[in-house]
Amino acid sequence: MTAGTTLTHGTTTAEHELAALQREHGRPLFGLLLRLCDGDRQRAEDLLQETLVRAWQHPEALRAGDFASARPWLLTVARRLAIDARRARQARPPEVGDAALANAPVCADHAERAAAALDVREAVKTLTPEHREVLVLVYFQGASVAEAAAALGIPAGTVKSRAFYALRALRRVLPGYATDLR
C-alpha cells in the first residue's frame, strides 16, 4: 500500500489496495465499531475511516508475516480508536443542544433579587405600623393568621383585613411587582 505506481485513470496501487481492504474487512470492522459506539452510526463510520487511514499509513503492519490476514491488526486498531474516542468524550462535559437550552429554567440574577428586596423593604417602610406588623408576621416570618392574632392581641379577622390592605398599599407603591403580590 505504498504510494507508487499509477494505474489507468489516475489511481495508484495504494488506492486499489485500500479499496480492497475496505471491501474485505469493512463490514466486520463497522460491526465491531457500531457495538463499541453504542449504536452511533456516525461515530462508527468516522472510526472506520480513521482505521483505514491508519492502515494506509502503516502498510508494513499489514504485510507482516505474523498474520495470515490483516483483520486482527485492523480490529485491534479499531478497538483502540473506539476506546480513545470514548475516553475523550468522557473527559469533556457533555454537549448540550439548543433544544435543551430553550427548555432550561431561567434563574433570576442575584443582583435583580437584591434590588427587588431593597425595593420591597423601602415600600414596607411606607406602611402604617399596624399594617407593617401584620405583614412582617404573616408574610416574612411565616406565622399563621391565628398565630399573628395571638401575638398582636387582635382578632383573626383584623389580621386578615390588615394584611389585605397592606398588600393593596404595596401594589400601589410597587407597580412593577404587582403580579408577584397577588
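## The overall picture

Nine helices and zero strands: that is the secondary structure of this protein. Keep in mind that you are looking at a predicted model. If you walk along the sequence, the pattern reads α-α-α-α-α-α-α-α-α.

How much of the protein is buried? Of its 182 residues, 26% are buried. The protein exposes about 12600 Å², and carbon and sulfur atoms supply 55% of that area. Now take the contacts between residues at least 6 apart in sequence: 50% of them join residues at least 24 apart.

## The largest core

In soluble globular proteins, nonpolar side chains tend to be buried together. Here the largest nonpolar core has 20 residues, and the members that touch the most other members are Leu21, Leu33, Leu62, Trp73 and Leu74. Which helices feed into this core? Helices α1, α2 (41-57), α3 (59-62) and α4 (71-91) each supply at least two of its residues. The largest share is from α4, with six residues.

There is also a second, separate core, made of nine residues. Val124, Leu167, Leu170 and Leu174 are among them.

## Up close with Leu74 and His25

Let's zoom in on Leu74, one of the well-connected members of the largest core. Leaving out residues up to four places away in sequence, Leu74 touches Leu21, His25, Leu29, Thr51, Ala55 and Leu62.

One name on that list, His25, deserves a look of its own. His25 is in helix α1, which covers residues 13-36. Is His25 buried or exposed? Its relative accessibility is 2%, so His25 counts as buried, the cut-off being under 20%. Besides Leu74, and again not counting residues up to four places away in sequence, His25 touches Ser69, Ala70 and Arg71.

## Leu47 and Ile83

Next up is Leu47, which you can find in helix α2. Leu47 counts as buried because its relative accessibility is 9%. Which residues does Leu47 contact, setting aside neighbours within four places in sequence? They are Leu33, Cys37, Leu81, Ala82 and Ala85. You can also check a distance here: Leu47 and Arg80 are 33 residues apart along the chain, and their C-alpha atoms are separated by 9.9 Å.

Ile83 is in helix α4. With a relative accessibility of 31%, Ile83 counts as partly exposed. Its C-alpha atom is separated by 9.9 Å from that of Leu33, although these positions lie 50 residues apart in chain numbering.

## A loop residue with a positive phi

Most residues other than glycine have a negative phi, and most peptide bonds are trans. Asp38 is not a glycine, yet its phi is positive, about 55°. Where is Asp38? Look in the loop between α1 and α2. At 61% relative accessibility, Asp38 counts as exposed, because the cut-off for that word is over 50%.

## How α6 and α7 meet

Two packed helices are described by the angle between their axes and the distance between the axes. For helix α6 (residues 110-125) and helix α7 (residues 129-140), the angle is about 145° and the axes are 10 Å apart. On the α6 side you'll find Val120, Val124 and Lys125, and they meet Arg132, Leu135 and Phe140 from α7. Sorted by class, this contact has four nonpolar residues, two charged ones and no polar ones. Val124 turns up in the second core too.

What about the buried residues of α7? They are Val134, Leu135, Leu137 and Val138. These buried residues pack against α6, α8 (145-152) and α9 (156-173). Just after α7 comes Gly142, with a positive phi of about 75°.

## One aromatic pair

How many aromatic pairs turn up in a search of the whole structure? There is one. The partners are Phe164 and Tyr165, whose ring centres are 5.1 Å apart. Their planes sit at 75°, so the pair is edge-to-face.

Both rings belong to partly exposed residues: Phe164 has a relative accessible area of 46%, and Tyr165 has one of 40%.

Methods: Residues numbered from 1 in each chain as written. Predicted model: local features only at pLDDT ≥ 70, side-chain atom pairs only at ≥ 80, totals over all residues. Heavy atoms only, no water. Helix = DSSP H or I, 4+ residues; strand = E, 2+ residues; numbered from the N terminus. Buried < 20%, exposed > 50% of the residue type's maximum accessible area, 1.4 Å probe, protein only. Contact = heavy atoms within 4.5 Å. Axes fitted to C-alpha atoms, helices over the stretch in contact; angles between N-to-C directions. Nonpolar A, V, L, I, M, F, W, Y, C, P; charged D, E, K, R; others polar. Phe/Tyr/Trp six-rings, centres within 6.5 Å; stacked < 30°, edge-to-face > 60°. Core = buried A, V, L, I, M, F, W, Y, C linked by side-chain atoms within 4.5 Å. Areas by Shrake-Rupley, 256 points an atom, 1.4 Å probe, with all protein chains shown as cover.
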